[in-house]
Amino acid sequence: MQKNNNFLTILNNLPEIIILVVKNDTIIDSFGQIKEKFNNSKLYEHFSKVTYNKLLLLKSKNIDNLTIYWNSKDYEVSYFDDTYYFKDVTKYRNLYLELKKSLRDLRSKKEELHAVFDLAGNGISILNEEGTFLYANKFFQTMMEYSMEELYNESCISLSSPEYAQPSKSAVQRAIEEGIVERFRKICVTKSGKKINASMSLSYIKSTNEIVMITSDITSDVKYQEDLKRRINKEVQSRTKQYEIMCHQSRLASMGEMIESIAHQWRQPLNSLGVIVQGLKHLNNSENFDFDLLNEMEIEMIEKINYMSETIDDFSNFFKISKEKKNFNILNSVKDTIKLIDVQLKNENIKINVNIEEGVNLELYSLENEFRQALLNIIQNALDILILRKQLNSFINIDIIQNGNFTELNISDNGGGICMKNIEQIFRPYVTTKKQGNGIGLYMSKVIIEHNMKGNLTVQNNQMGAVFTISLKSKDEN
C-alpha cells in the first residue's frame, strides 16, 4: 500500500505531457490533457506559423529539441518516430528565469563589490588559512607592486620583512582561532625591495575558511611620528636648558638677596665685636688688669662668632640642591625660611605672623629645600613691595589651613596688591612689577610648586594686598 502511495505521489508531481502522433502533417492520434479536438486535424491548425515552422525544423532533425509557448504554457518539445512529445516546463521555466535573474543580480553585486574593493583607500585582500593570497584589490597590488597573477604565488608572510615573518604567521593563526586581529603592525617588502610600514587587521570567515585582510600604508605616519618625537625631544632639551639657566638665574638672584640678608645679620654682631676689640685695647692699657672682665668679653666674642657661623650654615643649607623627597614638617620649614630674613623684617618694622588652623596636617613628603626656596621668593617679593610702597603698619601673614587632602598656605600682605590686568601673568618669566626685579622668582616658585612638587600656586588681590596660595597634598598618616 505504501509503495502505491509513493508511486501516485511521483506521478502527480510529474510534468504534464501531451503526445501527438502525426503522419503527412495530420494528427492521427493524441494523448494527455488536451482541451481541444486533435485527431484527424492538421498540425498547423493548432499552432502559430512561427511555432509550426519550428516543429517542422525539429522533425527534420536539424535540432534535438526546442521550447515553445503554447496555450499559455511553456513546453519542451522533442520528436521521435512520427510522434511529438510536449512536456510542460512552465514551472521549471519560471524557476529557471528566477535563477537566471538571481545569477545576473549576483554577478552585478560581485561587480559592484569589486568596484568598491578597487576604489577603497586601503589594501583589501582575501587569504586562505595558510595566508596565501586568493584575491587582492588594485590598491594592494599597486602598494606592493605585484599583479594579481603574481600574488597567487605569494602570501602575507612571504611579503613581510624577515623579522616579521614569524609574527605574521602567528597573526594569521590567531585570526583563525580568535576570529579577528586588529592593527597588527609590521614592515612589508614590495616587489622592488622597498620597505613600508603597514598596519593590518585580519578577520576570519568561518563559512568559507578564508581571511579578509585590510592593509594600510602608515609609512608617512610613522615618519611623521618619528620627526615629531625628534622635534619634541629637541624642544624638551631646549626648554630643559632654558629651565636650568633660569634656575641658575633665580638662584643667583636669591643668593644676591641672601648676601644682603647675611650683611644685615652680621652687621650687629660685627659692630659688637668692634666695640669689644676697642674695649680690649683699653683693658690692656689699664693698670689693674681685670681678668673677670676679660673672660666675659671672651664669652661674648665667642657667642657673636658662633652666631655668625650659624648664620652661614643656615644660608648654606638653604641653598643645597636636593631632588630627593623626604618627610618634613611644614611649620618648621616656614620658621627656617623666616629666620633667613628675620633681621631685614625687624629693620623695616614689618611684622610677620604665622597662624595655624586647628587640626591641620603639618607633615609633608616632598622636596623641602625647593619648598623653602619657593616660599622665600614669595615672602621676599612681599617684603620688597612693602619697603617700596612705604606701607605703615606693614605685615605679612602666613595662614596654614587644611583643605580636604591638601595643606594650604595663604601668604598675604597689606602692600596694596598687584597692579596688573591679568594678575596670573605675574608667574610668567621675566614679568615683574619691580624696577630692579628680574621676573624670575615667582616664575620659579610656580615651577617648583606645580611641576616639581605636583601642587598648585595661585594669586589674587584682596582689599589690603596680594594673597598667594600654595596648595600641597598632605602626607597620608595611614
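Two strands are taken to pair if DSSP finds at least two bridges between them; helices (H or I, at least four residues) and strands (E, at least two) are DSSP runs, numbered from the N terminus. The model on screen is predicted: local features need pLDDT of at least 70, side-chain atom pairs count only at pLDDT 80 or more, and totals for chains, interfaces and linings use all residues. Residues are numbered from 1 along each chain as its sequence is written, and side-chain values use heavy atoms, with hydrogens and water left out.

**Stop 1: the β15–β16 hairpin**

Select β15 and β16, which form a hairpin with two residues between them. In the turn, G404 has a positive phi of about 65°. The two strands pair in the antiparallel sense over eight bridges, and D399 stands opposite N410 in β16.

Now add β18, which pairs with β16, again antiparallel, over seven bridges. Here I470 of β18 is the bridge partner of L409. Seven of the eight residues of β16 are buried, so this strand is largely enclosed by the rest of the structure. Buried means under 20% relative accessible area, exposed over 50%, and partly exposed in between (1.4 Å probe, protein chains only).

**Stop 2: the largest nonpolar core**

Keep L409 and I470 selected, and add F371 and F468: of the 40 residues in the largest nonpolar core, these four touch the most other members. A nonpolar core is a set of buried Ala, Val, Leu, Ile, Met, Phe, Trp, Tyr and Cys residues joined through side-chain atoms within 4.5 Å. At least two residues of this core come from each of α9 (330–340), α11 (368–389), β15 (395–403), β16 (406–413), α12 (441–452), β17 (456–461) and β18 (466–473). The most is given by α11, with nine residues.

Centre the view on F371. Leaving aside residues up to four places away in sequence, F371 touches F328, I330, S333, L409, I448, I449, M453, I470 and L472, where contact means heavy atoms within 4.5 Å. Apart from this core lies another, of 24 residues, among them V181, F184, M200 and L202.

**Stop 3: β12, β13 and β14**

Select β12 (residues 326–329) and β14, which run antiparallel and are joined by four bridges. N327 has Y365 in β14 as its bridge partner. Side chains alternate along β14 (residues 363–366): L364 and S366 point to one face and are buried, while E363 and Y365 point to the other and are not.

Move next to N353 in strand β13 (residues 351–356). At 27% relative accessibility, N353 counts as partly exposed. Its C-alpha atom is separated by 6.3 Å from that of I396, 43 residues apart along the chain. Not counting residues up to four places away in sequence, N353 touches F395, I396, N397 and I398.

**Stop 4: the six-stranded sheet**

Display the open sheet whose six strands follow the order β3-β2-β1-β6-β5-β4, with antiparallel pairing. Its edge strands, β3 (41–42) and β4 (65–70), each pair on one side only. Strand β1 (residues 17–23) runs antiparallel to β6 (residues 83–88), and five bridges join them. L20 stands opposite Y84 in β6.

**Stop 5: helix α7**

Finish at Y224, found in helix α7 (residues 219–285).
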